[in-house]
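Student: I should like to learn how to read a structural model feature by feature. May we begin with strands and then proceed to helices, cores and salt bridges?

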Amino acid sequence: MNNDPPRQFEPRPPGSGVQSGAAAQVRVLTPAGRGAIAVVEVVGDNAATLVDHWFEGSQPLAEAPIDAIRFGRWRRAEDDAPGEELVVVRTADNRVEVHCHGGVAASAAIMASIESSALAAGDACRTAPHPRLAPTAHLGSELRLALSNAPTERVAGVLLDQLGGALEAALHSVVQLVREGETERAIELIDDLLSRERLGVHLTRPWRVVIAGAPNVGKSSLINALVGYDRAIVFDQPGTTRDVVTAATAIGGWPATLADTAGVRATNDALEAAGVELALATLRSADIVVVAREAATFDSAESITLHDSLLREVSPDAAIVEVATKADLAPAGETIPPTVVATDAPHGVGVPELLAAIERAMGVAEPDHGVAVVIGPWRYDVLRQVRAALANLDVAAAQQAAPALLAPAKP
């Protein structure tokens, strides 16, 4: 639903033209912005009559069964030329949906037609804010702050779309559908918003990409190659990296923080042991883990054992990218599985392939213009809470929880 308030028509004594009925309300249900389809909803006792005045179909809507799809044309006001082809559905005795071409122009023209029909019937026409659509200035402020901090053009583009009304329209739609008891439609919209959670969370937080492996396996060379400069110290002595070394970069246009961790091994050195523990803690909070093993010892028992122990530390939600390092030192005939990226980081070999693998592991794509993407991890928790309540047929609990979607950001 867009940000324009619905137009409401208060009945007066009937005049010429369309027959007057009870107060009608017109609103656009689909989000603002470009799209394939826009949906205009007309609600009121005279909804079917108002739409019939403009819709040229096979039979009057008032005679059509509920939920029966009617294909036809929308009559043009200025001449007798054929109007836009569209679909009309009477979803209830007092409710009609007009499915037209997407964007602003088509839906605005239909709303103007309905408005003129109401005026012809002698109904008072006025524009008034819907009580369920109170302004949410704090959401605009939250989006503007996120946009000002956007580290890449790709992130800024998505946030700008949300600031243009896509997010607020979608959240309003969820709240409204829940309040009206439209359970199936609310769940469908919530599932659509949840499908972009990985993207939404990382519009305001970079992806955490952690490079892990045994000591001296080439992790520091990898991070230096990925960011394009010497961020980490490279030395052939195991245990060189004691702390977590990070670098900010962008992969596929999405912001990422690369972390080079201490090599994981059993050690009696207290300082190195502390580095290993810090590496494991960093591993547990990663979004993507790049597990590095030397190509020459890729299938050795020791390498496989360490690999499996590292994977046990990784969050179930994290993605894994497998890398074979020092591919130039692998003996002739050594076979690296096709799912593993073979690299020779100091010479740039395999680096583009590794970047592409990390981008695939992100599992996100830039959404179409006008598609809502929720920001704020806590909003996703609210969406799941509302969906669970609806799935359990606890509409009251869903109605109580849903307004939090439009509340100010949590600290």
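Student: Which residue stands opposite Val98 in β7?

Tutor: Please bear in mind that this is a predicted model. In a regular strand the side chains alternate between the two faces of the sheet. In the present case, the residue opposite Val98 of β7 is Val40. The strands β3 and β7 run antiparallel and are joined by 7 bridges.

Student: With which other strand does β3 pair, and in which sense?

Tutor: Strand β2, residues 24–28, pairs with β3 in the antiparallel sense, over 4 bridges. Within that pairing, Gln25 has Val43 of β3 as its bridge partner.

Student: How many residues of β3 are buried?

Tutor: Of the 7 residues of β3, 6 are buried, so the strand is largely enclosed by the rest of the structure. Glu41 is buried, at a relative accessible area of 1%.

Student: Which residue forms a salt bridge with Glu41?

Tutor: The partner is Arg95, and the closest N and O atoms of the two are 2.9 Å apart. Arg95 belongs to strand β7 (residues 95–101) and Glu41 to strand β3 (residues 37–43), so this salt bridge ties together parts that are 54 residues apart in sequence. Arg95 also counts as buried, because its relative accessibility is 17%, and the cut-off for burial is under 20%. Salt bridges with shared partners join Glu41, Arg95 and Glu180 into one network.

Student: How many salt bridges does the model contain, and which of them involve helix α11?

Tutor: The count comes to 15 salt bridges. Among those involving α11 is the one between Arg379 and Glu142, with an N to O distance of 2.8 Å. Arg379 lies in helix α11 (residues 377–391) and Glu142 in helix α3 (residues 137–148), so the pair ties together parts 237 residues apart in sequence. Both of these residues are buried. Another salt bridge joins Glu197 and Arg384, whose closest N and O atoms are 2.7 Å apart. This pair links distant parts of the chain, with Glu197 in helix α6 (residues 197–201) and Arg384 in helix α11, 187 residues apart. Glu197 is partly exposed, with a relative accessible area of 22%, and Arg384 is partly exposed at 37%.

Student: Let us turn to a helix. Where do the buried residues of α5 lie around its axis?

Tutor: An α-helix has 3.6 residues a turn, so residues three or four places apart point the same way. In α5, the buried residues are Thr183, Ala186, Ile187, Leu189, Ile190, Leu193 and Leu194. They cover an arc of only 165° around the axis, which puts them on the same side of α5. The face turned away from that buried side carries the exposed residues Glu184 and Glu188. The cover over the buried residues of α5 includes α4 (153–179), α6, α11 and α12 (395–401).

Student: How many residues does the largest nonpolar core have, and which have the most contacts inside it?

Tutor: In soluble globular proteins, nonpolar side chains tend to be buried together. Here the largest nonpolar core has 66 residues, and those with the most contacts inside it are Ile288, Leu354, Ile358, Met362 and Val386. Helix α4 supplies the largest share of this core, 10 residues. Leaving aside residues up to four places away in sequence, Leu354 touches Leu222, Leu226, Val290, Val321, Val323 and Val341. A second, separate core of 23 residues includes Leu50, Val96, Val98 and Ile110.

Methods:
Residues numbered from 1 in each chain as written. Predicted model: local features only at pLDDT ≥ 70, side-chain atom pairs only at ≥ 80, totals over all residues. Heavy atoms only, no water. Salt bridge = Lys/Arg side-chain N within 4 Å of Asp/Glu carboxyl O. Helix = DSSP H or I, 4+ residues; strand = E, 2+ residues; numbered from the N terminus. Buried < 20%, exposed > 50% of the residue type's maximum accessible area, 1.4 Å probe, protein only. Pairing = 2+ DSSP bridges. Arc of directions from axis to C-beta. Contact = heavy atoms within 4.5 Å. Core = buried A, V, L, I, M, F, W, Y, C linked by side-chain atoms within 4.5 Å.
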